[in-house]
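Hi everyone, thanks for coming. Please have a look at the sequence and the structure on the screen, and then I will walk you through them.

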Amino acid sequence: MDTEGGDLKSEEDEAATELLRDRFRLCSISIAEAEAKQNGLEISQPIMACISDLAFKYAEQLAKDLELFAQHAGRKSVNMEDVILSAHRNEHLAASLRSFCNDLKAKEPRCERKRKKGSRKEDKAGPSVLQILDP
C-alpha cells in the first residue's frame with residue numbers, strides 16, 4: 001500500500017513541477033515578447049522556446065546552488081547573502097544585488113529589526129529568507 005501512496009505522491013509532484021515549468025515558460029516568453037516589442041525587434045517562436053527553456057534550467061540550477069550554500073553554512077534557510085554569493089562570477093549582478101539588499105534593509109521598519117530574546121534563529125534572518133523544505 002505504501003508504494004501506491006508513494007507513486008501517487010510522485011505523480012502529484014511531477015504534475016506540480018510540470019505546471020510550474022509551463023507557467024515559468026509562459027512568463028519568460030511574455031517578457032521576451034514585451035522586450036522585443038519595446039526595442040522594435042521580432043523573435044521567432046523557436047528562439048522564444050529556447051530562451052524560456054534556458055531560463056528555466058538556469059533557475060533550477062540557481063535554486064540547487066542556493067540550497068547548497070545554505071546547507072554549507074549550516075542553515076535550512078536561504079538568505080540574501082546566499083543569493084549575492086551565487087552572483088560572484090558576475091560583478092555587475094552582484095553589485096546590483098548588494099544595492100537591492102541594502103535598499104530592502106533601509107525600507108524595513110525599525111520594529112521588525114528588533115526581536116524579542118528567545119526568538120528562533122531562523123526568525124532572526126528577516127524577510128529575505130526562503131525556507132527550504134526537506135524532501
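Let me start with a word we will need a lot: a residue is called buried when its relative accessible area is under 20%, exposed when that area is over 50%, and partly exposed in between, using a 1.4 Å probe and protein chains only. By that rule, 15% of the 135 residues of the protein chain count as buried.

Now, a note on where this comes from. This is a predicted model, so local features need a pLDDT of at least 70 and side-chain atom pairs count only at pLDDT 80 or more, while totals for chains, interfaces and linings use all residues. Residues are numbered from 1 along each chain as its sequence is written, and side-chain values use heavy atoms, with hydrogens and water left out.

Let's go to the overall layout. Helices and strands here are DSSP runs, numbered from the N terminus: H or I with at least four residues for a helix, E with at least two for a strand. The protein chain has 5 helices and 2 strands, and along the sequence they come in the order α-α-β-α-α-α-β. The chain exposes about 11,100 Å², an area from the Shrake-Rupley method with a 1.4 Å probe, where for residues only the protein chains shown count as cover. Carbon and sulfur atoms supply 57% of that exposed area.

How much do parts of the chain 24 or more positions apart contribute to the contacts? A contact means heavy atoms within 4.5 Å. Among contacts with a separation of 6 or more, 44% are between residues 24 or more positions apart.

Next, please find helix H2, which runs over residues 45-72. H2 has 28 residues and spans 41 Å from its first C-alpha to its last, close to the expected 40 Å. That expectation is 1.5 Å times one less than the number of residues. The buried residues of H2 are Met48, Ser52, Phe56, Leu66 and Ala70. After H2 comes glycine 74, with a positive phi near 80°.

Two of those buried residues deserve a visit. Serine 52 is buried, as its relative accessible area is 2%. Leaving out residues up to four places away in sequence, serine 52 touches Phe24, Arg25, Ser28 and Ile29. Serine 52 also lies 8.4 Å from cysteine 27, C-alpha to C-alpha, although the two are 25 residues apart in sequence. In helix H1 you will also find isoleucine 31, which is exposed at 54% relative accessible area. The C-alpha atoms of isoleucine 31 and serine 52 are 9.8 Å apart.

The second visit is to phenylalanine 56, which is buried at 8% relative accessible area. How many aromatic pairs does a search of the whole structure find? There is 1, where rings of Phe, Tyr and Trp (its six-membered ring) pair if their centres lie within 6.5 Å, and planes under 30 degrees apart count as stacked, over 60 as edge-to-face and the rest as tilted. Phenylalanine 24 and phenylalanine 56 have ring centres 5.4 Å apart and planes at 70°, so this pair is edge-to-face. It links helix H1 (residues 2-38) with helix H2, across 32 residues. Phenylalanine 24 is partly exposed, at 30% relative accessibility.

Now for the core. A nonpolar core is a set of buried Ala, Val, Leu, Ile, Met, Phe, Trp, Tyr and Cys residues joined through side-chain atoms within 4.5 Å. The largest one has 6 residues: Met80, Ile84, Ala87, Ala94, Leu97 and Cys101. Helices H3 (80-86) and H4 (91-107) each give two or more residues to this core, and H4 gives the most, with 3.

Isoleucine 84, in helix H3, is buried at 8% relative accessibility. Beyond its neighbours within four places in sequence, isoleucine 84 contacts Ala94, Leu97, Arg98 and Cys101. Helix H3 also holds aspartate 82, which counts as buried at 4% relative accessibility. With the same neighbours set aside, aspartate 82 contacts Leu66, Phe69, Ala70, Arg75 and Ser77.

Last, the cysteines. Cysteine 101 is buried at 5% relative accessible area, whereas cysteine 50 is partly exposed at 41%. How many disulfides does a search of the whole structure find? The search, which looks for a pair of cysteine sulfur atoms within 2.5 Å, finds 0.
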